[in-house]
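Biologist: Thanks for sitting down with me over this one. Could you walk me through it, one question at a time?

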Amino acid sequence: MQPFTYRRVDTVAGTRAALLEDPQARMIAGGTTLLDLVKAGVERPAVVIDINHLPLAAIEVTPERVRIGALARNSDVADDATIAREFPVLAQALAAGASGQLRNMATVGGNLLQRTRCAYFRDNVSRCNKRVPGSGCDARDGINRAHAVLGTSEACIAAHPSDMAVALAALDATIVVRREDGEVRFTFDAFYCLPENSPERETVLEHGDVIVAVEIATAPHQRHSRYLKLRDRASYEFALVSVAAGLGFAEDGTIARSSLALGGLGTVPWRARDAERVLGGAASSPELFRRAADAALAGAVSTPQNAFKVELGKRAIVRVLTTLAERLP
Amino acid sequence: MIRCSLRINGSVRAVDLEAETTLLDALREHAGLTGTKKGCDRGQCGACTVLIDGRRVLSCLTLAVMHDGEDVTTIEGLAGDAGLHPMQQAFVEHDAFQCGFCTSGQIMSAVGLLAEGRARDTAAIREGMSGNICRCGAYPNIVDAISSVAEYGI
């Protein structure tokens, strides 16, 4: 690995100060993305700031919401009884990601900032607008079977790799960030940036910002939620397509509330609000779910290699919604 | 160089490390414990699995200096005075390896899996062990070995 300076911090304020001293400083928590990319030569930090000793690993529960500290490990969140009861979609998404070892290391904050698995981003040789802005995109005419079909641009078609973030998108999570002397709160919709002409900018975070927590409001339709992940292997593989969904029903059996988000399909964790509008107030039926799925993928732009993802995504949506409707809470 | 005190298999070793030294390299190159294997060095194969404070992690994707003062357990620390650890014994009895390169990672991961309480049945064992690749394909016997320990206890 390339050399860097190591610093250990024990306060959020100290973390901000250390970051702001050097534009090439990076935080390390689980390290599973950062060190992988340093070895690949993609990330080149001058300073690595160890934030593992910040007091940010707790999961705090109130009747209205759950606050998950940014340093909570993926496995601890997946195993938490409150998370499993209130937000099964999140527990399932976390359990479906990576391997047992990686889940013990990876943190919630780090998972939000996970970088794409696009081979052209990671190989440090190909043209990649995300890695070297303005250099071009070799994925567009390359091997792009696993790439995104939603939210793409001329500059970038890299898929966002996270499972957890897809569940958080469906859960309307809020991301709490320490900026200057206060906390700034971002709705999930406002946190990620579409690639457009600057795919190197992936979130609204500025250098020096520290994610301190993720908050999720409890709600009946989030209790009745599921995550479905489709991939080339049964385990330890990134999603080709994933679906996070929750349904809440009115007394007459119609759908009162719904949440739907997609993974593997988008350049960012993809909230399918068009599909939710189709579902709102309607009675469950195969036709309704298919119309919702069509709406979710209506804007898809595919390549010859990843065109299969559009139909696969629709069928995955129908399957999850059907399962939720059959197993009423 | 950073002076770092690593507690490996119960004994404390003071080592001077570059910041960028992974825990895996610290174990192999500085502590002389080569039982932990470097397979892919990218967090994809599981050969470098060790326990930190009892939890299984990948030693190739973490910096040694991050674990100053923490308890690291490697394959060398598993056997006690009474002989092999039950998981080691089970791997021998079930012929759960061929070339052996992945084996220390498999065993450390299996011990971690059982500590997590996730080895409920063979399907759960397969899922829980998916981060450990065996290029010889000894998976059926690996699952048998872990099942036998899960069933009869460590």
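Modeller: Gladly, and let's begin with A:Lys314, which counts as buried because it has 22 C-beta neighbours inside 10 Å. Do keep in mind that this is a predicted model.

Biologist: Which helix of chain A does A:Lys314 lie in?

Modeller: Its contacts are a good way in. Leaving aside neighbours within four places in sequence, A:Lys314 is in contact with A:Ala293, A:Asp294 and A:Leu297. As for A:Lys314 itself, the helix that holds it is α14 of chain A.

Biologist: What separates the C-alpha atoms of A:Lys314 and A:Thr152 in space?

Modeller: Along the chain, A:Lys314 and A:Thr152 are 162 residues apart. Between their C-alpha atoms, the separation is 18 Å.

Biologist: Turning to α13(A) and α14(A), are they roughly parallel, roughly perpendicular, roughly antiparallel or oblique to each other?

Modeller: Their axes are 9 Å apart and the packing angle is about 140°. Angles over 145 degrees would count as roughly antiparallel and 65 to 115 as roughly perpendicular, with under 35 being roughly parallel. The angle of α13(A) to α14(A) fits none of those ranges, so the two helices are oblique.

Biologist: And is the crossing of α13(A) and α14(A) left-handed or right-handed?

Modeller: Let me give you the contact too. From α13(A) come A:Phe289, A:Arg290, A:Ala292, A:Ala293, A:Asp294 and A:Ala296, while α14(A) supplies A:Lys314, A:Ile317, A:Val318, A:Leu321 and A:Thr322. By class, that contact has seven nonpolar, one polar and three charged residues. The way α13(A) passes α14(A) is right-handed.

Biologist: Which residues are exposed on the face of α13(A) turned away from its buried side?

Modeller: Start from the buried side: in α13 (residues 286–296) of chain A, the residues A:Phe289, A:Ala292, A:Ala293, A:Ala295 and A:Ala296 are buried. They cover an arc of only 160° around the axis, and therefore sit on the same side of α13(A). The buried residues of α13(A) pack against β11 (255–263), α12 (273–279) and α14 (308–326) of chain A. On the face turned away from them, the exposed residues are A:Pro286 and A:Glu287.

Biologist: Let's go to a strand: is A:Thr174 buried or exposed?

Modeller: A:Thr174 is found in β6 (residues 174–179) of chain A. Not counting residues up to four places away in sequence, A:Thr174 touches A:Arg185, A:Phe186, A:Thr187 and A:Glu215. It lies 13 residues from A:Thr187 in sequence, and their C-alpha atoms are 4.7 Å apart in space. The cut-off for burial is 20 or more other C-beta atoms within 10 Å, and A:Thr174 has 20 such neighbours, so it counts as buried.

Biologist: What about the backbone: what is phi of A:Tyr236, roughly?

Modeller: A:Tyr236 lies in the loop between β9 (225–230) and β10 (241–249) of chain A. With 20 other C-beta atoms within 10 Å, A:Tyr236 is buried. Its phi is positive in a residue other than glycine, with a value near 55°.

Biologist: And where is the place of A:Asn124?

Modeller: A:Asn124 also catches the eye by its backbone, with a positive phi of about 65° although it is not a glycine. A:Asn124 counts as partly exposed because it has 13 C-beta neighbours inside 10 Å. Its place is in the loop between α8 (119–122) and α9 (164–170) of chain A.

Biologist: Over to chain B, then: how many nonpolar residues are in the contact of α2(B) with α5(B)?

Modeller: The axes of α2 (residues 86–93) and α5 (residues 139–152) of chain B come within 8 Å and cross at roughly 135°. That angle makes α2(B) oblique to α5(B). The contact is made by B:Pro86, B:Met87, B:Ala90 and B:Phe91 of α2(B) with B:Ala145, B:Ser148 and B:Val149 of α5(B). One of these residues is polar and none is charged, while the number of nonpolar residues is six.

Biologist: Finally, which element gives the largest share of the side of chain B that touches chain A?

Modeller: Here 25 residues of chain B are in contact with 22 residues of chain A. On the chain B side, the elements giving two or more residues are β4 (55–58), α3 (103–116) and α4 (122–128). The largest share is four residues, and it comes from β4(B).

Terms used. Residues numbered from 1 in each chain as written. Chains lettered and ligands numbered in written order. Predicted model: local features only at pLDDT ≥ 70, side-chain atom pairs only at ≥ 80, totals over all residues. Contact = placed C-beta atoms within 7 Å. Buried ≥ 20, exposed ≤ 12 C-beta atoms within 10 Å, placed from the backbone. Arc of directions from axis to C-beta. Axes fitted to C-alpha atoms, helices over the stretch in contact; angles between N-to-C directions. Nonpolar A, V, L, I, M, F, W, Y, C, P; charged D, E, K, R; others polar. Left-handed = near helix turned anticlockwise from the far one by under 90°.
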